[in-house]
Amino acid sequence: MLAMNYRGPQRVRIDEKPEPKILHPQDAIVRVTRSCICGSDLHLYNGNVPDTRVGMTFGHEFIGEVIEIGSEIQKLKVGDMVIVPFNIACGKCHFCKQGLFGNCHESNSQATAVGGIFGYSHTAGGYDGGQAEYVRVPYADVGPTVIPPGMDPDDAVLLTDVVPTGYQAAEMGGIQKGDTVVIFGAGPIGIMAARCSWLFGAGRVIVIDKVEYRLEFVRNYASCEAYNYEEMDDPVVFVKKTTDWMGADVVIDAVGAEATGNVMQTITGRKLLLQAGSATAAHWAVNSVKKGGIVSIVGIYGPTDNLFPLGNVVNKGLTIRANQASVKRLLPRLIDHVQNGILNPKALITHRVPLEDVADAYHIFSEKLDNCIKPVLIPPSAR
């Protein structure tokens, strides 16, 4: 089969790889019809996540058709078209029973933090991902959800990660009616978090980034304010000033390990890899939220350590909430929102690229060329 093949930092290509096989009675094999490149994949692509091994296939956002099932599968049948959450979850462990599907203890049993994730380095279990023609899906009676009749596949594929993560970012913010919400990052997750903040009752939503076309996009898509931090002396002072020097009620870090804007953080976190990514956005979030406010972190940082302003967290009395989105928990509500027209995920897709051109797609997305917001890869059998 055709599959994306990681060859080292900023080196990916399309290759022939063996088709996956059923390895456990709870497995299914899915023929991919859509897969995405995520901003989190760029952390892998650029070499910011430990134990990202040569030969791995990325891709934790994909949908497709079930073509084979293991002997213990009861909820799926061959021919079902499914949304596959990026979390690999057993559904039975202590954490899954709490709805913490991103922290499954069985799918990544040798880790103390994150559960298994498709196509996301060996720190997340070493599972191959969906930027391929076929994928093995473990615990297939737990995560995969049958796509409702009539749902556009472009909407469905964004329900694997972008919509749930943006929604959970807002949910973790504990947004109250009339709150001012500031979001650092105008990538797909930040855009969706801005849109979903209104659903929780926000009175004002502000997005901060440095890429003008992304700022223009989020203004239109999420009906929010959007500002370029390169035009500010200090983003923290800007937020304070625009909130009567109180700070925002809720701040969301939707950037993660590759944040720019601070020379020291960039050098230590992105160039020398002395910390687990540049924590610039996390600093801005902590310092621009009000005393007693909430910081929601969905930006991805590699394990294990970062230069982080913990003293400010304590002295300001902040609440910090962070996690991988529990896609399975959120899917029923988000499917309803899409079907009822409350959310329009497919509007984020700007580039539909043949799987064979995956290297070009990574380059365009990574370098922010051609006004790219979200690229989707389409395998030959789905065209």
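These exercises work through ring pairs, helices, empty space and single residues in a predicted model.

Residues are numbered from 1 along each chain as its sequence is written, and side-chain values use heavy atoms, without hydrogens or water. Because the model is predicted, local features need pLDDT of at least 70, and side-chain atom pairs count only at pLDDT 80 or more, while totals for chains, interfaces and linings use all residues.

**Exercise 1. Aromatic pairs**

Find how many aromatic pairs the structure holds, and classify the pair F62 and F118.

Step 1. Set the criterion. Rings of Phe, Tyr and Trp (its six-membered ring) pair if their centres lie within 6.5 Å; planes under 30 degrees apart are stacked, over 60 edge-to-face, and the rest tilted.

Step 2. Search the whole structure. The count is nine aromatic pairs.

Step 3. Take F62 and F118. Their ring centres are 5.1 Å apart and their planes stand at 80°, so the pair is edge-to-face.

Step 4. Place both residues. F62 is in strand β4 (residues 62–69), and F118 is in the loop between β7 (116–117) and β8 (134–137). They are 56 residues apart, so the pair links distant parts of the chain. Helices (H or I, at least four residues) and strands (E, at least two) are DSSP runs, numbered from the N terminus.

Step 5. Check burial. F62 and F118 are both buried. Buried means under 20% relative accessible area, exposed over 50%, and partly exposed in between (1.4 Å probe, protein chains only).

Step 6. Look for a cluster. Ring pairs join Y6, Y45, F58 and Y362 into one.

**Exercise 2. Helices α7 and α8**

Describe the buried residues and packing of α7, then of α8.

Step 1. List the buried residues of α7 (residues 263–271). They are Q265, T266, T268 and G269.

Step 2. Find their partner. The buried residues of α7 pack against α8 (280–288). Contact means heavy atoms within 4.5 Å.

Step 3. Inspect the ends of α7. N262 caps the N-terminal end, with a side-chain oxygen 3.1 Å from the backbone nitrogen of M264. After α7 comes L273, with a positive phi near 55°.

Step 4. Turn to α8. Seven of its nine residues are buried. These are T280, A281, A282, W284, A285, V286 and S288.

Step 5. List what they pack against. The partners are β10 (180–184), α6 (235–242), β13 (248–253), α7, β14 (289–297) and α9 (310–316).

**Exercise 3. Empty space**

Give the volumes and linings of the cavities and of the second largest pocket.

Step 1. Fix the rule. On a 1 Å grid over the protein atoms alone, a cavity is a set of points where a 1.4 Å probe fits but cannot get out; a pocket is an open set with protein on both sides within 12 Å along at least five of seven lines; lining residues have an atom within 4 Å of a point. Grid points are joined across faces, edges and corners, and a volume is the space filled by probe spheres set on the points.

Step 2. Count. There are two cavities of 30 Å³ or more.

Step 3. Take the largest cavity. Its volume is about 50 Å³. Its lining includes F118, Y139 and P144. By class, this lining has nine nonpolar, two polar and no charged residues. Ala, Val, Leu, Ile, Met, Phe, Trp, Tyr, Cys and Pro count as nonpolar, Asp, Glu, Lys and Arg as charged, and the others, Gly among them, as polar.

Step 4. Take the second largest cavity. Its volume is about 30 Å³. P85, N87, A89, F101, V142, G143 and K328 line it. They divide into four nonpolar, two polar and one charged.

Step 5. Take the second largest pocket. Its volume is about 270 Å³. It has 17 lining residues, with M1, P20, D128, V135 and R136 nearest its centre. The lining splits into nine nonpolar, three polar and five charged.

**Exercise 4. Single residues**

Decide whether R34, A347 and D370 are buried, partly exposed or exposed.

Step 1. R34 sits in strand β3 (residues 28–36). Its relative accessible area is 15%, so R34 is buried. Its side chain makes a polar contact with the side chain of D154 at 2.9 Å. A polar contact is a pair of N or O atoms within 3.5 Å; within protein, one must be able to donate a hydrogen and the other to accept it, and residues adjacent in sequence count only if both atoms are side-chain atoms.

Step 2. A347 lies in the loop between α10 (327–339) and β16 (351–354). Its relative accessible area is 30%, so A347 is partly exposed. Beyond neighbours within four places in sequence, A347 contacts F217 and Y221.

Step 3. D370 lies in the loop between α11 (358–366) and β17 (375–378). Its relative accessibility is 59%, so D370 is exposed. Its phi is positive, about 55°, although D370 is not a glycine.
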